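Colleague: Could you take me through one part of this model in close detail? I would like to hear about the charged side chains that pair up, and about what surrounds them.

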Amino acid sequence: MCRSIRPLFNLDPPANDVDVRAASVQFVRKITGFRMPSRVNETAFEAAVDEITNVAGRLFAELETSAPPRNRAAAAERAKTRDAVRFPHRETHRT
């Protein structure tokens, strides 16, 4: 899976449309191998991103869980700590 894609379900605060679209772009980039599609492929690329964004939104609307929402800030802090251990000589740029 693409490392840039993070779980978006059951977060506090909840994932918004921008988060879902960003994950959809990363997914389409990963499976196509394109960072930026050519002009000829741009329409198909954007259509795929739109469709995946819509499907993900419907999926999140239908999912149910009894687990408490995960704290987004705490998850980001854990990721920073994990990255500092993995890459001790590199300053992380996550926010």
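Modeller: Happy to. Let me begin with the chain as a whole: among contacts with a separation of 6 or more, 66% join residues that are 24 or more positions apart. Please keep in mind that this is a predicted model. The protein chain has three helices and two strands, and along the sequence they come in the order β-α-α-β-α.

Now to the charged pairs. Side chains of opposite charge can pair when their charged atoms come close. With a cut-off of 4 Å between a side-chain nitrogen of Lys or Arg and a carboxyl oxygen of Asp or Glu, the count here is three salt bridges.

Let us start with R21, in helix α1, and its partner E46, in helix α2, which spans residues 39–62. Their closest N and O atoms are 2.8 Å apart. Because R21 and E46 sit in these two helices, their salt bridge ties together parts of the chain that are 25 residues apart in sequence. R21 also meets the side chain of D50 in a salt bridge, with 2.6 Å from N to O. That pair again links distant parts of the chain, with R21 in helix α1 and D50 in helix α2, 29 residues apart. Taken together, R21, E46 and D50 form a network of salt bridges.

How exposed are the members of this network? R21 has a relative accessibility of 28%, so it counts as partly exposed. E46 is partly exposed too, at 31%, and D50 falls in that class at 37%. The class itself covers values between the buried limit of 20% and the exposed limit of 50%.

There is also a salt bridge between R72 and D19, whose closest N and O atoms are 3.1 Å apart. This pair links helix α3 (residues 72–86), which holds R72, with helix α1 (residues 17–32), which holds D19, across 53 residues. R72 is partly exposed at 27% relative accessibility. D19 has 22%, so it also counts as partly exposed.

For a contrast with these charged residues, look at V20, which lies in helix α1. V20 has a relative accessible area of 9%, and it is therefore buried. Setting aside neighbours within four places in sequence, V20 is in contact with L8, T53, A56 and F60. One of these, T53, is 33 residues away along the chain, yet its C-alpha atom and that of V20 are separated by 6.0 Å.

Finally, here is the wider setting for these residues. Buried residues make up 19% of the 95 residues in the protein chain. The radius of gyration is 16 Å, whereas a compact globule of 95 residues would have one near 12 Å. Along the principal axes, the C-alpha atoms fill a box of roughly 40 × 40 × 20 Å. The accessible surface of the protein chain comes to about 7500 Å², and carbon and sulfur atoms account for 56% of that area. As for charge overall, the chain carries 16 positive and 12 negative charges, and their mean positions are 9 Å apart.

Notes. Residues numbered from 1 in each chain as written. Predicted model: local features only at pLDDT ≥ 70, side-chain atom pairs only at ≥ 80, totals over all residues. Heavy atoms only, no water. Helix = DSSP H or I, 4+ residues; strand = E, 2+ residues; numbered from the N terminus. Buried < 20%, exposed > 50% of the residue type's maximum accessible area, 1.4 Å probe, protein only. Rg over C-alpha atoms; globule rule 2.2 N^0.38 Å. Contact = heavy atoms within 4.5 Å. Areas by Shrake-Rupley, 256 points an atom, 1.4 Å probe, with all protein chains shown as cover. Lys, Arg positive; Asp, Glu negative; His and termini not counted. Charge placed at Lys NZ, Arg CZ, Asp CG, Glu CD.
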